[in-house]
Amino acid sequence: MPHPQARSGGNPTRLARLAEAHGVALSHEPEPGRRVQVPEGTVVEVLAALGVDASTPRAVRAALERYAWDGRQLLPPTVVLRSGARPVSAPAPASCLSRLPGGTVLRVVTDSGTTLDWGPGIRLPLGVHTLFGHAPDERAAHSTLIVAPEAFPAPRTRASGERGRGLRVQLRALLSARSRGMGDLADLGELADWAGRCLGADFLQLDPSHSAVPVPGGRAGEGPAGHAGLSFRLPSSRRFPDPVHLRVEEIAEFASLGEERRRRAETLLGRAAALRQGVLGGHAPLDRGAVWELKREALELVRSVPLGPGRRAAYEDFVAERGQALVDHATWCALAEAYGSDWRSWPAGLDDPRSAHTARVRAQRQDRVDFHAWAAWLTDCQLAAAQHTARQAGMAVGLVLDPAAGAHPGGSDAWSHQGSLARGVTVGAPPSGRDARGRDWGLPPWRPDALARAGYEPYREVLAGLFRHAGALRPGRAMGGSRLWWIPEGRPPAEGTYVRCDAEAMGGVLALEAHRAGAAVLGEDPGTAGPGAREPVAPGEPVALGEPVALGESAALGEPAASEEPAVRRTRGASVSWPECPVLPLPVVDFQGRPVPWEELAASPRGRELRAERGAPRG
């Protein structure tokens, strides 16, 4: 196979070795029998995004020497161990613990502070620990040790053991008679109550509903070029749900508003309700920016009511539990109000969340930071209430979250995690039979090497936020695939290349966080037509929930159908076959094509049919 040349005519073998060492593919096979070479410039630019200079022959030689030196380190930066399985290192196979010098002493300090000597018969607890090594040649090192369960938790089932059935829902479009411009979490709770009790549903699968930009200025659906309004598929943060989905009237302090402030709040919410009527009337689109501006003003009024002792304690517990992640997110929101919604255009010094300048500005805008932390808490409370309602209504699983594949490069997560994200590249899909141009999704990918050095903490932080109130997570291949299609900025999608990810480590972290949350992990059906592709589904036809999945290598994001590898390796007969949920077409359209609030479906002939099909009375 011919290899790309270094720009200055260097040794192609050295460049190829460097690319292979860092998981950068030199070619790919879009269909059987046809191999496409990756442009030389792409290889060099992707290596640069991984922090590797390959621009000259001298730089390539130096990079290979650094890689060889790193491979001689006693311990890799992160070790992932499956409970009951042999250790696996991340990310470099050359640094496996099996290659440790004879006589090396290993000790583990667990996340609870206990010290254990690693030896025959040692049982390490699940969790994120610290591994210390000391070799006979006096070399010493330490690394992060992640001990993960061997399999993901199984989805909960009813006592009868029958496979669950559910609905897929777009929360932003879940409009009811009480919605304020967009669907909200109270609407979600009411739908869960009805679907669980009347349809016997076991889950509601939600489309992405992550935190977006906390300032007006753009409609949902605007892409990376328009940073004022982030698309729900390009959220600001996957760690926190969007406060635009709050039902303001159900915040406990709303009832204690004084007469004048209550009247002002109701006026604002009435204007938001008028936006709902515009959507239901078919003459206006969903406008996240406009809805948030009205709800934000109403929230400012509610915030004037002091929290009672119990509520204050609950809020403080939330702040302590979410820790630095909440501080960073609330700070980004406050700075975005002042400087715009893309941190890359902020004044010098504010691009670093840990800089002294950021700390000073945070102190100056502490009231706004506190507002956004408080809004995040309220949203968390209402999402928890929706999940509780779903379980009380008889749902075995409850909410199934379908997270976005990534976050906007100018948003909160990218600002907080910029050290673990690749710069100058985006994630997409190569050309295929279905899409001759390929796709560029505008998402910055995780850097496998940086994640390993950070002990996968940024990835764990995202997963912990997603799992908080979910009965199951449908993470997709972008959350832990074996390779991703990276596209250098300024190049078309066809000039990208695959970059290998450590699927073993990513899968282990995912399994650990799922175990901690007691939630299931659902994957793509191996028989799907392509990455993330789903066949059209007739509305209103419940479907069955799949079986638990054993840990295995997941497929590449963006892999063409002709050469697609199975999304999940079937192990010991356990796999996940995530079926299609029926999409509740919201805003609901009646038989005359008239948009109506969703709850009218419950009283419609179709709603009675659905109840009868599930054994409920028609009345």
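Okay, a term before we start: two strands count as paired here if DSSP finds at least two bridges between them. And keep in mind that what you see above is a predicted model.

So, the sheet. With that rule we get an open sheet of 4 strands, in the order E15-E14-E17-E18, and the pairing is antiparallel. Who sits at the edges? Strand E15, residues 439–443, and strand E18, residues 497–500. Each of those has a single partner strand, so one side of each is left without a neighbour in the sheet. From one strand to the next, the twist averages 50°.

Let's zoom in on one pair. Strand E14, residues 425–429, is joined to E15 by 3 bridges, and the two run antiparallel. If you want a spot to click on, take Gly428: its bridge partner in E15 is Asp440.

Now, what lies across this sheet? Helix H2, residues 40–49, lies across E14, E17 and E18. Strand E17 is 483–488, and H2 runs at about 105° to it.

Next, helix packing; I've got two pairs for you. First up, helix H6, residues 288–302, and helix H9, residues 366–392. Their axes come within 12 Å and cross at roughly 100°. We call 65 to 115 degrees roughly perpendicular, so that is what H6 is to H9. On the H6 side, the contact has Trp292, Arg296, Leu299, Glu300 and Val302, and these meet Arg368, Phe371, Trp374 and Leu378 in H9. By class, that contact is 6 nonpolar, no polar and 3 charged residues.

The second pair is helix H7, residues 309–339, with helix H8, residues 356–364. Here the axes are 10 Å apart and the packing angle is about 80°, which makes H7 roughly perpendicular to H8. H7 brings Val327, Asp328, Thr331, Leu335 and Tyr339, while H8 brings Thr358, Val361 and Arg362. The split for H7 with H8 is 4 nonpolar, 2 polar and 2 charged.

Last topic: empty space. How many cavities of 30 Å³ or more are there? The count comes to 8. I'll stick with the second largest cavity, which holds about 220 Å³ of space. It's lined by 24 residues, and the ones nearest its centre are Ser209, His210, Pro241, Leu383 and Leu401.

Which elements give two or more residues to that lining? Strand E12, at 237–241, then H9, which you've already met, and helix H12, at 457–467. E12 has the largest share, with 4 residues. And what's the lining made of? It divides into 10 nonpolar, 6 polar and 8 charged residues.

So if you're scrolling through the model later, H9 is a handy one to follow: it packs across H6, and it also gives residues to the lining of the second largest cavity. That's it from me.

How values were computed:
Residues are numbered from 1 along each chain as its sequence is written. This is a predicted model: local features need pLDDT of at least 70, side-chain atom pairs count only at pLDDT 80 or more; totals for chains, interfaces and linings use all residues. Side-chain values use heavy atoms; hydrogens and water are left out. Axes are lines fitted to C-alpha atoms, for helices over the stretch in contact, and angles run from 0 to 180 degrees between N-to-C directions. Angles under 35 degrees count as roughly parallel, over 145 as roughly antiparallel, 65 to 115 as roughly perpendicular and the rest as oblique. Contact means heavy atoms within 4.5 Å. Ala, Val, Leu, Ile, Met, Phe, Trp, Tyr, Cys and Pro count as nonpolar, Asp, Glu, Lys and Arg as charged, and the others, Gly among them, as polar. On a 1 Å grid over the protein atoms alone, a cavity is a set of points where a 1.4 Å probe fits but cannot get out, and a pocket is an open set with protein on both sides within 12 Å along at least five of seven lines; lining residues have an atom within 4 Å of a point. Grid points are joined across faces, edges and corners, and a volume is the space filled by probe spheres set on the points.
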